[in-house]
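Q: How does one read pockets and residue surroundings from a set of coordinates? Please take me through one example.

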Amino acid sequence: IQVVAAIIMSKDKYGKQIVFATQRGYGEVKGGWEFPGGKREEGEKQQEALKREIMEELETEIEVGELIDTIEYDYPNFHLTMKCFKTEIISGELILKEHMAAKGLRKEELNDVEWLPADITLIEKIEKIMREADRKTEINVLYEKLERLWMEGKIVSTYGGCEDDFTNPDGDVLAEFMEHIYTYYTDVEM
């Protein structure tokens, strides 16, 4: 069986990444948690199938992004090939039409639900994607704070803008703040 799955990414009210998970409401794996999606119809492209499935299951329009992974999994009665795409919501309220429940999970909560066997193989990769996105958000927040402090004249660069040359007007070095930014900047591709 060939299916497509939506890894619907969003942010919570604190700006942290969340991923949308649904609890299956039918079939022999009823009650298990999964990423929403379904089967492709004859002649349908993967991205088209995913958009159609999410509209049918959740009354939500999505934008389909990059392919995150292709999962190959052997269930007792069939072999599953699942193409998993990163997606974002364009419009809609994620109305459950075929699922029992749904949750927006932060990376720390990814193991709080009982994933279906094929879906759980994707959790480590999703956690990495979420961690990188959260770090980029943190970097942006730190840069905004730094820029605001600089614009307010609370810090000045004493030598060509090097990370350890920022001081406040009293001469105190803001090394810890800049080291924090520098560490994130060097660990995350911008």
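The dialogue below goes through the pockets and two residues of this predicted model.

Q: How is empty space found, and what volume does the largest pocket have?
A: Rolling a probe the size of a water molecule over the atoms shows where empty space is left. In this model the largest pocket has a volume of about 520 Å³.

Q: Which residues lie nearest the centre of the largest pocket?
A: V3, R24, E34, F78 and L80 do, out of 27 residues that line the pocket. The elements that each give two or more residues to this lining are β1 (2-11), β4 (37-39), α1, β6 (79-92) and α2 (117-120).

Q: How do the residues of that lining divide into nonpolar, polar and charged?
A: The lining of the largest pocket has 15 nonpolar, 4 polar and 8 charged residues.

Q: Which residues line the second largest pocket?
A: This pocket holds about 160 Å³ of space. Its lining consists of E66, K86, K128, I129, E132, A133 and K136. Helix α3 (residues 123-151) gives the most, with 5 residues. By class, the lining has 2 nonpolar residues, no polar ones and 5 charged ones.

Q: Back to the largest pocket. Is E34 buried or exposed?
A: The criterion is relative accessible area, and a residue under 20% is buried. E34 is buried because its relative accessibility is 8%. E34 belongs to strand β3 (residues 33-34), and is also among the residues nearest the centre of the largest pocket.

Q: Which side chain forms a polar contact with that of E34?
A: The side chain of R24 does, at 3.1 Å. R24 is likewise listed among the residues nearest the pocket centre. Leaving out residues up to four places away in sequence, E34 touches A21, T22, R24, H99, W115, L116 and D119.

Q: Now a residue in a helix. Where is A49 found, and why does A49 count as buried?
A: A49 is in helix α1 (residues 46-58). A49 counts as buried because its relative accessibility is 0%. Helix α1 is also one of the elements that give two or more residues to the lining of the largest pocket.

Q: What does A49 touch beyond its sequence neighbours?
A: With residues up to four places away in sequence not counted, A49 touches V4, R40 and E44. A C-alpha distance is a separate reading: A49 and G37 are 12 residues apart along the chain, and their C-alpha atoms are separated by 8.3 Å.

Note on methods
Residues numbered from 1 in each chain as written. Predicted model: local features only at pLDDT ≥ 70, side-chain atom pairs only at ≥ 80, totals over all residues. Heavy atoms only, no water. Helix = DSSP H or I, 4+ residues; strand = E, 2+ residues; numbered from the N terminus. Buried < 20%, exposed > 50% of the residue type's maximum accessible area, 1.4 Å probe, protein only. Contact = heavy atoms within 4.5 Å. Polar contact = N/O pair within 3.5 Å; in protein donor to acceptor, adjacent residues only side chain to side chain. 1 Å grid on protein atoms, 1.4 Å probe; cavity = no way out; pocket = protein on both sides within 12 Å on 5 of 7 lines; lining within 4 Å. Points joined across faces, edges and corners; volume = space filled by probe spheres on them. Nonpolar A, V, L, I, M, F, W, Y, C, P; charged D, E, K, R; others polar.
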